[in-house]
Amino acid sequence: RAIGDFDRKREPGAKQFMTGILMDVTEQKNDELRKNDFIAMVSHELKTPLTSMKAFVQLAQRRLTGGGDQTAALAMDKAEHQVSKMSSMINGFLNLSILESGKIQLNLELFNLEKLIENIEKDTQATVFSHTILFAPVEQTIVHADEEKISHVIQNFISNAVKYSPRGSTIKVACINDETEARVSVSDSGIGIDSYDLPKVFDRYYRVEGSKLATVSGFGIGLYICKEIIIRHGGRIWAESDPGKGSKFSFTIPMPTT
Ligand code: ADP
């Protein structure tokens, strides 16, 4: 008889006994948290060398194409594709580790969104050559938020825009603010999302059918993590889309009250 099993055929009202084993799972939980920290640390550490690898591969690719060596240029093109895939997987691991750690801890500080977006612009200029990414001018926007997490949300939006729109297309990043909130949006001219899927893309593990078929890797948790981060900041997050034409992902965070 298995532990916890009991006889369902007894008379109504008869006493029933269950046996069980109580285990202290604190150590197990700590192990899991350590594992998550480790995954997050490794993913962060892998990001930097991969970013420079990507830049070198792209430089070599342009030189080889310019020099007329099409076979080598094609090989570099394939290498670049694989490096991009690895970056996207690392981003996925970071999302997984945030998810597994159970709760999103915010490290709030005052910082300038204008500077953060400038840094993201520099980073994408050095690493994304498959698309044109246009950054609209941003004015100084001081917010009270977790800079690393907000950066993670913007990078997730950009990485999705790259994943779900054709090579060579344009992606636009904008940030505006009024007295009450700062609003960041990333628009693409990609595959778009139909009205049935649109409200679900922020759900945990949700991936649109067509995207599963495409050779795009993903765990379906990036936007869920983005939603959790923004909600914890007291902001709003949403998506608009014209299927077949493109999508626009936006979030807001409240401006600090002075
Ligand atoms: P994934 O790892 O699958 O990209 P996300 O949580 O980031 O997970 O996104 C969930 C789903 O939303 C994706 O699988 C895709 O179907 C859809 N999606 C996200 N961003 C876009 C976009 N810019 N254009 C079209 N579809 C998108």
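This is a short tour of the structure above, stop by stop, with something to select at each one.

The model is predicted, so keep its filters in mind: local features need pLDDT of at least 70, side-chain atom pairs count only at pLDDT 80 or more, and totals for chains, interfaces and linings use all residues. Residues are numbered from 1 along each chain as its sequence is written, and side-chain values use heavy atoms, with hydrogens and water left out.

**Stop 1: helix α1**

Select residues 26–66, which make up helix α1. Helices here are DSSP runs of H or I with at least four residues, strands are runs of E with at least two, and both are numbered from the N terminus. The expected span of a helix is 1.5 Å times one less than its number of residues. For the 41 residues of α1 that gives 60 Å, and the end C-alpha atoms are 60 Å apart, so the two agree.

Now centre on Lys47, where α1 bends by about 25°; Pro49 follows within four residues. The bend at a residue is the angle between axes fitted to the seven residues ending there and the seven starting there.

Next, colour the buried residues of α1, among them Asn36, Ala40, Ser43, Leu50 and Val57. Buried means under 20% relative accessible area, exposed means over 50%, and partly exposed lies in between, using a 1.4 Å probe and protein chains only. What do the buried residues of α1 pack against? Show α2 (70–100) and α3 (113–127), and you have the partners. Contact here means heavy atoms within 4.5 Å.

Before leaving, step just past the end of α1 to Gly68, which takes a positive phi of about 90°.

**Stop 2: the open sheet**

Select the five strands of the open sheet, ordered β2-β4-β5-β7-β6 with mixed pairing. Two strands pair if DSSP finds at least two bridges between them. β2 (132–135) and β6 (237–242) each have a single partner strand, so they stand at the edges with one side left without a neighbour in the sheet. From one strand to the next, the twist averages 15°. Axes are lines fitted to C-alpha atoms, for helices over the stretch in contact, and angles run from 0 to 180 degrees between N-to-C directions.

Zoom in on β4 (residues 170–177) and β5, an antiparallel pair with six bridges. Val173 has Val186 in β5 as its bridge partner. Then bring back two helices. α3 packs on the sheet, touching β2, β4 and β5, and its direction makes about 160° with that of β2. α4 also packs on the sheet; it touches β2, β4, β5, β6 and β7, and its direction makes about 175° with that of β7.

Ala136, in the loop between β2 and β3, is worth a click. It is partly exposed, at 33% relative accessibility. Ala136 touches Val173 and Ala174, leaving out residues up to four places away in sequence.

**Stop 3: strands β1 and β3**

Select residues 109–112 for β1 and add β3; they run antiparallel and are joined by four bridges. Glu109 sits opposite Ala145 in β3. Which side chains of β3 (residues 142–145) are buried? Val143 and Ala145 are, pointing to one face, while Ile142 and His144 point to the other and are not buried.

**Stop 4: the phenylalanine cluster**

Show Phe157, Phe202, Phe249 and Phe251 as sticks: they form one aromatic cluster. Rings of Phe, Tyr and Trp (its six-membered ring) pair if their centres lie within 6.5 Å; planes under 30 degrees apart count as stacked, over 60 as edge-to-face and the rest as tilted. The count of aromatic pairs comes to three. Phe157 and Phe249 have ring centres 5.5 Å apart and planes at 50°, so this pair is tilted. Because Phe157 lies in helix α4 (residues 147–163) and Phe249 in strand β7 (residues 246–254), the pair ties together parts that are 92 residues apart in sequence. Phe157 is buried at 2% relative accessible area, and Phe249 is buried at 8%. For Phe202 and Phe249 the centres are 6.1 Å apart and the planes at 65°, so that pair is edge-to-face.

**Stop 5: the loop between β5 and α5**

Finish at Tyr205, found in the loop between β5 and α5. Its phi is positive, about 65°, although Tyr205 is not a glycine. Asp197 is in the loop between β5 and α5 and is buried at 7% relative accessibility. Leaving aside neighbours within four places in sequence, Asp197 is in contact with Tyr206 and Val208.
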